[in-house]
Amino acid sequence: MKQEEQKLRKIIHIDMDAFFASIEQRDQPRLRNKPLVVGGSPWSRGVVATCSYEARPYGIHSAMSSYEAYRRCPEAIFIKGNMEKYREVSREIMAIFHNCTDLVEPLSLDEAYLDVTENHWNMPSATLAAKEIRRRIYQKTGLTASAGVSYNKFLAKTASDYDKPDGLTVITPDRADAFVKALSIGDFRGVGKVTKRKFDSLGIETGEDLQQLSEARLVELFHKQGHVFYRQARGIDERSVNPERERKSLGKETTLSQDLLLVQDMLPVIEELLDQVLARLKKDGIRAKCIVLKIKFADFQQITRRSTLEHPSNDRSELLEALRLLLEEGASGGDPVRLLGVTASEFYGPGEVTGGRGKVYKTVNYEQLRLF
Amino acid sequence: MHFTVDREQFVQHVQNVNKAVSSRTTIPILTGIKIIAAADGVTLTGSDSDISIETFIPAEENDNQYVQVQEQGSIVLQARFFAEIVKKLPGEEIEVVVQDQFATTIRSGSVVFNLNGLDPEEYPRLPKLDDTNMFHLPQSLLKDMIRQTVFAVSAQETRPVLTGVNLESENGELICTATDSHRLALRKANLEAGSDAPDLSNIVIPGKSLNELSRLLSDDDSTVEIIITETQVMFRFPHLLFYSRLLDGKYPVTKNMIPSETKTGVELSTKELLQSLDRALLLSRETKNNVINLKTLGDGRVEINSVSSEIGKVTENIDCDKIDGEELRISFNGKNITDALKVIDSEKIHIQFTGAMSPFVVRPTDHDQMLHLFSPVRTY
């Protein structure tokens, strides 16, 4: 199908600005206008979940180790964060999105795609809808969001990133090509560390450079992903906004407070991670048929080991036994282990006994309406 | 100070004033109960600065002698200990003596307690309220009005004025309203023709005060006097005064929230609906959202259902006395509805729906003194 033949869609990507940190700064005046890091403590090998805009000039960013953040800015304030509260604020924001359109695809607590081609507010302009959403978010939560408006997901997401924080960027079809050309190669979807190195070695630094490569050449270099890069470079992205995107896996991991050598010392950590995963599975009434153990060693080498169960399960002892076997297989070599993770996947709903992979992971959302 | 008092009377009165005493007060003297012995009897006061209760034990009443005052005076004693002590004393009488430095001796039978008292001069004086805005109500009626509204006050402090019950009067009617912005309870009562109907508006009494007051109200028709000033309300019983601070702020205008049109009307048994919702809540309580779905069936019944993704679902049909108007599917917080149904003493209710996303009203069918308004839940 060709882009031209379809009616142009109106897609908004909304991304909250420094979400966790902004909530804390809103609620605790002493944190305002200060470099703030929400995440693990620098002394316990934690990582940065979010940092305030005041912390960013120091080069602090999410997923960096908290110790590194501390090294870059010793005067930064480190706090642990309150997921329960962030989830609550997230619900308020999602309710605003759903007020506008049914086609909302949440990517995380603070980020979502909206298809507003048709919307409950009967707004013909996606730009006005984005403005109204940003206004309502601010009015309801006191927080700012950045929005990108365009005719597909890739461009909308890239646009929301363009003028952060508190920005609104619109990419119309006639401006798309110039916009893509000017992107740095790292801004394209699916370009991580490894891929970027590959592009670097080819001298590809911008979207304009990327456009020079033929589709055949890209496929040769990157296989299936090559098609995606080819289309992205031309501002094409046909993925629809899918409000029922199912979660395919659910995992928890933790960096250990000190490297561990013995399987018996790791087991309690595995148990705790499994309990967190199970709590979530049980809340949603689902069972998993596959359980995955992730081990990162002190030298940052990482392995995963998976076990497929005979029947989908959320039984603690059964899953723990499977994990114990995986752990003995993966970690008995005596190398120091730095991080452990447990992930459940291949979900089944309450009624499903066999067959039908990943069918049910859908909760009914609700919003209590107000009298005044 | 020195007096002897009938133990039973004293325990009763101490317990009453103790209701107002909070251990979490910021004013240290308010952790105590103030005792004043005068020629005509003993006065006790307890307060947490929001609520204050003053009671009086007369020296003599109806040929009974309750108190003998040997020496007039006053003292403040730590409520925590004092209230427990008097309850557990063995004798028929209790003797209280204050010596120097507020040292207090409490004697009963062969038991002697020595307590360190506090300076009564530090205890704040209760206001003398101006009687101009005064009316009275039967105690049982006031108790009903509290019970039928106070459950709907907001539990959150974000809008303090919503943590209280609003009093207003109109055409000789007293109207009590409580709302947390998701539901609203309204109860009216005719003021007795004899009493000078006061002109009340935006009198907001904290829900907590009313819950405490309710425990002091009797179930009979003896009256209680109500005196209202700018910042305080006082309820006057024989030998007992109950003061409460009023809440600041403008209470929302609720009159125009109550819809007049009906899209779907349902009439059914209060008890049957309550029991059905209680059953459906067994599941939805688990997910903490209490969401219940209701839909009208074509055959004079409504279906109640609730789904919890982990546990399962429940469906049941209720026979209604009457259903008219449009077909309807609506979701709501079932807990809010059952809270209201529990205080509706009538056998039958009428529910006035105005659409799936609009507020609906529940009223008893046999009188128009009460209504409950609810906003639905939107599911997606």
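These legends accompany close-up views of helix packing in a predicted model.

**Figure 1. Helix 5 and helix 6 of chain A pack against each other.** Helix 5 covers residues 153–162 and helix 6 residues 173–182, helices being DSSP runs of H or I with at least four residues, numbered from the N terminus. Their axes lie 12 Å apart at an angle of about 65°; axes are lines fitted to C-alpha atoms over the stretch in contact, and angles run from 0 to 180 degrees between N-to-C directions. The two helices are therefore roughly perpendicular (65 to 115 degrees).

**Figure 2. A look at the residues where helix 5 of chain A meets helix 6 of chain A.** Helix 5 of chain A brings Leu155(A), Thr158(A), Ala159(A) and Tyr162(A), while helix 6 of chain A offers Ala176(A), Phe179(A) and Val180(A); contact means heavy atoms within 4.5 Å.

**Figure 3. Helix 3 and helix 4 of chain A form another packed pair.** Here residues 83–100 and residues 126–141 pack at about 145°, with axes 10 Å apart. On the helix 3 side of chain A, the contact includes Val89(A), Glu92(A) and Ile93(A); on the helix 4 side of chain A, Arg136(A) and Lys140(A) are among the partners.

**Figure 4. Confidence in chain B and the complex.** Chain B averages a pLDDT of 92, and 97% of its residues score at least 70; pLDDT is the predictor's confidence in each residue, from 0 to 100. For the complex, the predictor gives an ipTM of 0.82 and a pTM of 0.57.

**Notes.** Residues are numbered from 1 along each chain as its sequence is written, and chains are lettered from A and ligands numbered from 1 in the order in which they are written. Local features need pLDDT of at least 70, side-chain atom pairs count only at pLDDT 80 or more, totals for chains, interfaces and linings use all residues, and side-chain values use heavy atoms, with hydrogens and water left out.

Technical notes: Angles under 35 degrees count as roughly parallel, over 145 as roughly antiparallel, 65 to 115 as roughly perpendicular and the rest as oblique.
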